[in-house]
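Welcome, and thanks for taking a look at this one with me. Below are a few numbered points to help you find your way around.

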Amino acid sequence: QVQLVESGGGLVQAGGSLRLSCANSGRTFSMDDMGWYRQAPGKEREFVAVVNWSTGSTDYADSVKGRFTISRDNAKNTVYLQMSTLKSEDTAIYYCNARGLQFARRVNYWGQGTQVTVSS
């Protein structure tokens, strides 16, 4: 069973930094990419960043470009999100996501979420 375990959330002042981690601690599978989404109170879940597991290529939401950096450690099956120059509007629950192929089927897994709160 795939198990995505997130860590690194917390409370930080505006302008500060945090680093989130997400590790697949369960069964491995052929991953296409891993990424981060977030959901603020009263809002829909939105895309933040994604990294291609094979090539390392990345993509970001416009709202975080230049402030957030996504990276991966293939050996540890872990993805990171370095968040800098945090703003109050970055406050949300951040969810890790992994997509790929398992037993010849397309799969899409989610972590349990980690809270990030930015105080102004």
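1. A word before we start: what you see is a predicted model. I suggest beginning at strand 8, which covers residues 78-83. Of its six residues, five are buried, so strand 8 is largely enclosed by the rest of the structure.

2. Now look at the partners of strand 8. Strand 3, residues 18-24, runs antiparallel to strand 8 and is joined to it by six bridges. Strand 7, residues 68-73, also pairs with strand 8 in the antiparallel sense, again over six bridges. A handy residue to click on is L81: its bridge partner in strand 3 is L20, and I70 stands opposite L81 as well.

3. Next, follow the chain from strand 7 into strand 8. These two strands form a hairpin, with four residues between them. Within that turn, N77 has a positive phi of about 50°.

4. Is S21 buried or exposed? This serine belongs to strand 3. Its relative accessible area is 16%; buried means under 20%, so S21 counts as buried. Setting aside neighbours within four places in sequence, S21 is in contact with V5, E6, S7, W36, V79 and Y80.

5. The largest nonpolar core has 30 residues, and those touching the most other members are M34, W36, V79, L81, M83 and Y94. At least two residues of this core come from each of strand 3, strand 4 (30-39), strand 5 (46-52), strand 7, strand 8, strand 9 (92-102) and strand 11 (114-119). Strand 9 gives the most, with four residues. Notice that L81, the residue you met opposite I70, is on the list of core members with the most contacts.

6. M34 deserves a click of its own. Not counting residues up to four places away in sequence, M34 touches L4, C22, V50, V51, W53, I70, V79, C96, N97 and A98. Two of these contacts, C22 and C96, lead straight to the next point.

7. How many disulfides does the model contain? The count comes to one, formed by C22 and C96 with their sulfur atoms 2.1 Å apart. The pair links distant parts of the chain, since C22 sits in strand 3 and C96 in strand 9, 74 residues apart. The torsion about the S-S bond of C22 and C96 is about -80°, so this disulfide is left-handed. C22 is buried, with a relative accessible area of 0%, and C96 is buried with a value of 0% too.

8. Finally, turn to the aromatic rings. There are three aromatic pairs. One of them, Y37 with W110, is edge-to-face, at 5.0 Å centre to centre and with 70° between the planes. Because Y37 lies in strand 4 and W110 in strand 10 (residues 105-110), this pair ties together parts that are 73 residues apart in sequence. Ring pairs also bring in F47, giving a cluster of Y37, F47 and W110. W110 is partly exposed, with a relative accessible area of 35%.

9. While you are at W110, look for R45. The charged end of R45 sits over the ring of W110, 4.6 Å from its centre. That charged end also sits over the ring of Y95, at 3.7 Å from the centre of that ring.

Definitions and conventions
Residues numbered from 1 in each chain as written. Predicted model: local features only at pLDDT ≥ 70, side-chain atom pairs only at ≥ 80, totals over all residues. Heavy atoms only, no water. Buried < 20%, exposed > 50% of the residue type's maximum accessible area, 1.4 Å probe, protein only. Pairing = 2+ DSSP bridges. Contact = heavy atoms within 4.5 Å. Core = buried A, V, L, I, M, F, W, Y, C linked by side-chain atoms within 4.5 Å. Disulfide = S-S within 2.5 Å. Phe/Tyr/Trp six-rings, centres within 6.5 Å; stacked < 30°, edge-to-face > 60°. Lys NZ or Arg CZ within 6 Å of the ring centre and 35° of its normal.
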